[in-house]
Amino acid sequence: MIHLSGKTALVTGSTRGIGKAIAFKLAEAGATVVITGRTEDRAKEVAKDIKAKTGADTFAVELDLSFKESIERAVSRITEELGAVDILVNNAGSNRDALFIRMKYEDWEEILKVNLTGTFLITQLLVKGMLRKKWGRIINISSVVAFIGNLGQANYSTAKAGLIGFTKTLAKELATRNITVNAVAPGFIETDMTENLSEDIKQGFLSQIPMGRFGKPEDVAGVVLFLASDLSNYITGEVIHVNGGLF
Ligand SMILES: NC(=O)c1ccc[n+]([C@@H]2O[C@H](COP(=O)([O-])OP(=O)(O)OC[C@H]3O[C@@H](n4cnc5c(N)ncnc54)[C@H](O)[C@@H]3O)[C@@H](O)[C@H]2O)c1
């Protein structure tokens, strides 16, 4: 049994999908969990639901990673209310797919901003509290496409590959301070992000997955819980692939 009582965890983009499953798992283990959503109402709804089901303390905050001001405002609110964040899960992400030849500059810029620059900004603000406590866990949600590429995802796969370099560098810089930094690279997980893909594309992916099924958000959440806990004390700079054998 993993116990995270006394720890505060923040999961970005935790109103649905993988982020919500991660928030739920960390709350079940006893952490106080900060739920972030692009609207405060939605974050509050999910925070209330998780508290009711797990008994853990939860806190809801509005956060849009496209805007530096939104990140700064959210971090100030969290640190005023709860103090330092011990476990940061950089989960929020979005995609705007188009074949490279037709990809608009705006779509390239926006996807790098949300998935990569936003992660840089929020991590830099929150790591200060971890440095003071001499304990921290940073877990970045990358993707299998960072390793194998994917048609129509030049922007998204580049951002997710960038997160791997970010993870490995931070792991080295923060290792002596007892802060571990790892990445999880999910394969095809059933969420809103993958729901709208055509049946043909889904079947194409499925045929390449040795386990013969798509992943569930809980498949990713379990690995994040392990990386957030003391069971992973001596693991840093790693990437854990959660993809049913796809890669
Ligand atoms: N579903 C998959 O197959 C899959 C595979 C590999 C990686 N991932 C990654 O896992 C993470 C979670 O994805 P998901 O499948 O649950 O997708 P999802 O679309 O269901 O959830 C994404 C979350 O990120 C939030 N978000 C989007 N843009 C944001 C912004 N500008 N600021 C703040 N929050 C924002 C959304 O509100 C939502 O809560 C993402 O980083 C995604 O890239 C997903």
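This briefing walks through the sheet, the helix packing and the ligand shell of the structure above. The model is a predicted one. At its heart, for our purposes, are three topics. An open sheet of seven strands shows parallel pairing, three helix pairs are described with their contacts, and 27 residues surround the ligand.

**The sheet**

- Reading across the open sheet, the seven strands come in the order E3-E2-E1-E4-E5-E6-E7, and their pairing is parallel.
- Strand E3 (58-62) and strand E7 (239-242) are the edge strands, each pairing on one side only.
- On average, neighbouring strands of this sheet are turned by 20° against each other, direction ignored.
- Strand E1 (residues 8-11) and strand E4 (residues 87-90) run parallel and are joined by three bridges.
- If you would like to find this pairing on screen, look for Val11, whose bridge partner in E4 is Val89.

**Helix H4 with helix H6**

- Helix H4 (residues 105-133) and helix H6 (residues 154-174) have axes that come within 9 Å and cross at roughly 20°.
- Angles under 35 degrees count as roughly parallel, and H4 and H6 are therefore roughly parallel to each other.
- The crossing in which H4 passes H6 is right-handed.
- On the H4 side, the contact is made by Asp107, Trp108, Ile111, Leu112, Asn115, Leu116, Thr119 and Phe120.
- H6 brings Asn155, Tyr156, Ala159, Lys160, Gly162, Leu163 and Phe166 to this contact.
- Sorted by class, the contact of H4 with H6 holds nine nonpolar, four polar and two charged residues.

**Helix H3 with helix H4**

- H4 also packs with helix H3 (residues 68-82), at an angle of about 25° and with the axes 10 Å apart.
- That angle makes H3 roughly parallel to H4.
- H3 and H4 cross in a right-handed way.
- Lys68, Ile71, Val75 and Thr79 of H3 meet Gly118, Leu121, Ile122, Leu125, Leu126 and Gly129 of H4 in this contact.
- Six nonpolar, three polar and one charged residue make up the contact of H3 with H4.

**Helix H1 with helix H2**

- The axes of H1 and helix H2 (residues 40-54) come within 10 Å, crossing at roughly 35°.
- Here too, the crossing of H1 and H2 is right-handed.
- H1 contributes Lys20, Ala23, Phe24, Ala27 and Glu28 to the contact, while H2 contributes Val46, Ile50 and Thr54.
- The contact of H1 with H2 divides into five nonpolar residues, one polar and two charged.

**Around the ligand**

- Among the 27 residues around the ligand, those that come nearest are Gly13, Gly17, Ala92, Gly93 and Thr191.
- Helix H1 (17-28) and helix H7 (192-195) are the elements that give two or more residues to this shell.
- By class, the shell around the ligand has 13 polar, 10 nonpolar and four charged residues.
- Helix H1 is worth a second look on screen, as H1 appears both in the ligand shell and in the contact with H2.

Technical notes. Residues are numbered from 1 along each chain as its sequence is written. This is a predicted model: local features need pLDDT of at least 70, side-chain atom pairs count only at pLDDT 80 or more; totals for chains, interfaces and linings use all residues. A residue is near a molecule or strand if its C-beta atom, placed from the backbone, lies within 6 Å of it. Helices (H or I, at least four residues) and strands (E, at least two) are DSSP runs, numbered from the N terminus. Ala, Val, Leu, Ile, Met, Phe, Trp, Tyr, Cys and Pro count as nonpolar, Asp, Glu, Lys and Arg as charged, and the others, Gly among them, as polar. Two strands pair if DSSP finds at least two bridges between them. Axes are lines fitted to C-alpha atoms, for helices over the stretch in contact, and angles run from 0 to 180 degrees between N-to-C directions. Angles under 35 degrees count as roughly parallel, over 145 as roughly antiparallel, 65 to 115 as roughly perpendicular and the rest as oblique. A crossing is left-handed if the near helix is turned anticlockwise from the far one by less than a right angle, and right-handed if clockwise. Two residues are in contact if their C-beta atoms, placed from the backbone, lie within 7 Å.
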